Amino acid sequence: MSRRSLGIELKHIDLDRGGRRVLRDVTWRIRPGERWGLLGHNGAGKTQLLKLVAGDVWPKPSRKGRRVYTLGRERHAEALLVKELIAYLGAERQDKYARYGWNPTVTELVATGLFRTDLLLDTPNAAQRAQVQRLIRRFGLESLAARRFLTLSYGERRLALIARALASRPSLLLLDEVFNGLDSERRATLQRFLDTSARGRMPWVLAAHRVQDLPESLTHLLILDQGRVRYVGRYSRQRIARLFGAAHCAPSRGRLKTSRARPKSSRRGLPLIAIRDADVFVDGHRVLERISWEIRPGEQWAVFGRNGAGKSSFIRLLYGDLGPAVGGSLERRGFPRGTHIEDFKKTVGFLSPELQSDYARDDVSVEDIVVSGRHASIGLNEPPSPADRRAAGRWLRTFELERFAARSPRELSYGQLRRVLLARAMV
């Protein structure tokens, strides 16, 4: 299908999810060639608004509410036809691959965008293969082309999925907080794409909850707050500065100064975890090499590195989801060799994007998610005890989540669910 000019108009739109109003009286128009920033805090309704534009959810029926698609000169185009022309990418889409175990190579993944399928069911022709290779080069993914998707870092997966979205030649691109998880190099790659796309007619919308994530190539801005439009109009840094203050609007610049000096250890007690000469492999690919490290009581560590450096694999090694290859060792104080790893996991708080993908479901409440942290389980195998509920309640209050206790994860924003999982880790 050739690309056609697409415009979208929302008038007085309301949206309910789970019996609760998440969007109220939204009026918004997206025209060809416009580049929108969609700004709002966690829970403001950004993701649901993008899904509504994409045709994934339907507005609440009302006499004055309208959602109108204009395709070329055709007004009131069919929603199902228009849906095929819109590419939407957010964290939920990315997590879906981990949840279902979809693990194509990067080349195969990008090629699925040609056919708008989750898995590659057709064989691309020569022209299509050339298009896939151009997109892989455009996003600096050549060295990863033969790698399996689930072996990539979180940021590397994000760029691969953007390349996949563009393979469909969309008439509208919707990007939901896609700068999250990208290192400076990957952010610059995505920024270059957004800047160069300004020459074309394809409109795009980029949602963010930080002003610093808004690219300079924007033409328009919509600010969403508690489901209501607080501002919609032309974009400029001066206008943003008036709305938020100049201190919040300066883009992040500069390089981190690094040092080879080892941090001073508290030396209090024996190591809680000690790693010696550990190599770690994921699907036959070595992700960590000759790692030696230890952590002692009272220490707080940051693990810093570019996308693909092995940060997530290192955390999974500590937690017990990965193990060192033959020749390396990992010792956990109080858990001698032969101890079941689940006994250790019950003493550790753990949070990751992969864990969040496991909880994208409707058959569990927020309170039960937090309780499950006491058992290091996904879901609950037995009803919570009164002590479980009291402990969960304390951490729900700590993270200001009490009002969500009875809700399902799908009724929360991605950022709100992240806070729930932090409470789960701490419980």
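**Exercise 1: Two helices that meet**

Task: In this predicted model, find how the axes of helix 3 (residues 91-100) and helix 6 (residues 154-167) cross, and decide whether the two helices are roughly parallel or roughly perpendicular.

Solution:
- Step 1. Start with the geometry: the two axes come within 11 Å and cross at roughly 105°.
- Step 2. Angles from 65 to 115 degrees count as roughly perpendicular, so helix 3 is roughly perpendicular to helix 6.
- Step 3. Now look for the residues that touch. Helix 3 contributes A91, R93, Q94, D95 and Y97, while helix 6 contributes Y154, R157, R158, L161 and R164.
- Step 4. Sort these residues by class: five are charged, four are nonpolar and one is polar.

**Exercise 2: Empty space inside**

Task: How many cavities of 30 Å³ or more are there, and which residues line the largest cavity?

Solution:
- Step 1. The count is two cavities of 30 Å³ or more.
- Step 2. The largest cavity holds about 40 Å³ of space. Its lining consists of Q94, D95, A98, Y154, R157, P353, E354 and S357.
- Step 3. Match the lining to the helices: helix 3, helix 6 and helix 11 (353-358) each supply at least two residues.
- Step 4. By class, this lining has three charged, three nonpolar and two polar residues.
- Step 5. Turn to the second largest cavity, with a volume of about 40 Å³. Y319, V348, G349, F350, G373, A376, R424 and A425 line that cavity. Five of these lining residues are nonpolar, two are polar and one is charged.

**Exercise 3: An enclosed helix**

Task: Which residues of helix 4 are buried, and what covers them?

Solution:
- Step 1. List the buried residues of helix 4: V106, L109, V110, A111, T112, G113 and L114.
- Step 2. That is seven of the ten residues of helix 4 (residues 106-115), so this helix is largely enclosed by the rest of the structure.
- Step 3. The cover over the buried residues includes helix 3, helix 5 (126-138) and helix 6.
- Step 4. Look just past the end: R116 follows helix 4 and has a positive phi, near 55°.

**Exercise 4: One threonine**

Task: Is T189 buried or exposed, and which residues does T189 touch?

Solution:
- Step 1. Locate T189 in helix 7 (residues 184-196).
- Step 2. Buried means under 20% relative accessible area. T189 has 9% relative accessibility, so T189 counts as buried.
- Step 3. Leaving aside residues up to four places away in sequence, T189 touches R138, F139 and L159.

Methods
Residues are numbered from 1 along each chain as its sequence is written. This is a predicted model: local features need pLDDT of at least 70, side-chain atom pairs count only at pLDDT 80 or more; totals for chains, interfaces and linings use all residues. Side-chain values use heavy atoms; hydrogens and water are left out. Axes are lines fitted to C-alpha atoms, for helices over the stretch in contact, and angles run from 0 to 180 degrees between N-to-C directions. Helices (H or I, at least four residues) and strands (E, at least two) are DSSP runs, numbered from the N terminus. Angles under 35 degrees count as roughly parallel, over 145 as roughly antiparallel, 65 to 115 as roughly perpendicular and the rest as oblique. Contact means heavy atoms within 4.5 Å. Ala, Val, Leu, Ile, Met, Phe, Trp, Tyr, Cys and Pro count as nonpolar, Asp, Glu, Lys and Arg as charged, and the others, Gly among them, as polar. On a 1 Å grid over the protein atoms alone, a cavity is a set of points where a 1.4 Å probe fits but cannot get out, and a pocket is an open set with protein on both sides within 12 Å along at least five of seven lines; lining residues have an atom within 4 Å of a point. Grid points are joined across faces, edges and corners, and a volume is the space filled by probe spheres set on the points. Buried means under 20% relative accessible area, exposed over 50%, partly exposed in between (1.4 Å probe, protein chains only).
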